[in-house]
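Student: I've got a model open and I'd like to go through it with you. Can we talk over what the labels rest on?

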Amino acid sequence: MLFINTRPQDRAAELTQQLEAAQIAVTELPLLELMAVPYSIELQQLFQQLGRASIIVVVSPTAVEIGMQYLRQSGIALSTLADVQWIAVGKKTEQVLRQYGIRSHVPEIETSEGMLQLPVLAELAPNAVIAFWRGEGGRQFMMRHLHQQGNEILNFVLYKRQCPPQSAQSIKSLLPHLQQQARYWVLISSEASWLNWLELIDHDIFLINKGIYLVLGPRLARILEEFRQNHSAAFQVTQLENLNAEVILREIEQVQGR
């Protein structure tokens, strides 16, 4: 059965290698690419307020790299943030932060819901300031939840997401192959990825129903479940706790063994 690896191009190789080592056929079709938002007066003003934050939430390795670049560009030394607590969405983000000498809190489940379960957020003082280093459109649920609890949010939109133009070309040659498949696997790591997938296959319910969708976290699983109900669709959804290759392989084995 074909596995469609939809991770961004710079993060897809490790998963592809481990799946192919397990004798799984893989096609790489990135559903998102990240492009830095140009440094601006608005971002400069936000970085000048960063010392007020109790916590900085970093949602991806890309957010780390762009955030650190713009921090330097703002003339702010990392040492001035020594008292700030950092939250990383997952292990990859944690590793990149560690390269800057930063220890971070990491949730067991790499989602907004997982991060909200972290004790460091439960122990916040009233009216705490929380900064988000994120991409356009990401982590709205988490920010809204924390704001409703009375916290002040500093919203750093550091990059934009788009469907890679190359994927729009690649899908043309992939579609005939999908038509011939009885079933296939698709990795869906975000709502934006899911929406881009639907666009690429032109909302073809026949093709959608052939998919077994490995989705990250309960909120994304609910989004796909709602789509399935609203469209009387029959595809399968399997929820992942993170995007590690070992977890993905285990879920594939469990589904195939049913």
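Student: What volume does the second largest pocket have?

Tutor: About 240 Å³. Keep in mind that this is a predicted model.

Student: What makes a residue part of the lining of that pocket?

Tutor: An atom within 4 Å of a pocket point is what counts. By that rule 14 residues line the second largest pocket, and Pro8, Gln9, Pro30, Glu33 and Pro164 are the ones nearest its centre.

Student: Which elements each supply at least two residues of that lining?

Tutor: Strand E3 (33-36) and helix H8 (165-180) do. H8 gives the most, with three residues. As for chemistry, the lining splits into five nonpolar, five polar and four charged residues.

Student: On to the sheet. What is the order of the strands in the open sheet of five?

Tutor: E2-E1-E9-E10-E11, with parallel pairing.

Student: Why are strand E2 (25-28) and strand E11 (236-240) called edge strands?

Tutor: Because each pairs on one side only. From one strand to the next, the twist averages 25°.

Student: How do you know that E9 and E10 pair?

Tutor: Pairing takes at least two bridges. Strand E9 (residues 184-188) and strand E10 (residues 211-216) are joined by five, so they count as a pair, and they run parallel. Within E10, Val215 is the residue opposite Ile188.

Student: What does helix H11 touch when it packs on the sheet?

Tutor: H11 (residues 218-230) touches E9, E10 and E11, and its direction makes about 170° with that of E11. Helix H12 (residues 245-257) also packs there, touching strand E1 (2-5), E9, E10 and E11, at about 145° to the direction of E11.

Methods. Residues are numbered from 1 along each chain as its sequence is written. This is a predicted model: local features need pLDDT of at least 70, side-chain atom pairs count only at pLDDT 80 or more; totals for chains, interfaces and linings use all residues. Side-chain values use heavy atoms; hydrogens and water are left out. On a 1 Å grid over the protein atoms alone, a cavity is a set of points where a 1.4 Å probe fits but cannot get out, and a pocket is an open set with protein on both sides within 12 Å along at least five of seven lines; lining residues have an atom within 4 Å of a point. Grid points are joined across faces, edges and corners, and a volume is the space filled by probe spheres set on the points. Helices (H or I, at least four residues) and strands (E, at least two) are DSSP runs, numbered from the N terminus. Ala, Val, Leu, Ile, Met, Phe, Trp, Tyr, Cys and Pro count as nonpolar, Asp, Glu, Lys and Arg as charged, and the others, Gly among them, as polar. Axes are lines fitted to C-alpha atoms, for helices over the stretch in contact, and angles run from 0 to 180 degrees between N-to-C directions. Contact means heavy atoms within 4.5 Å.
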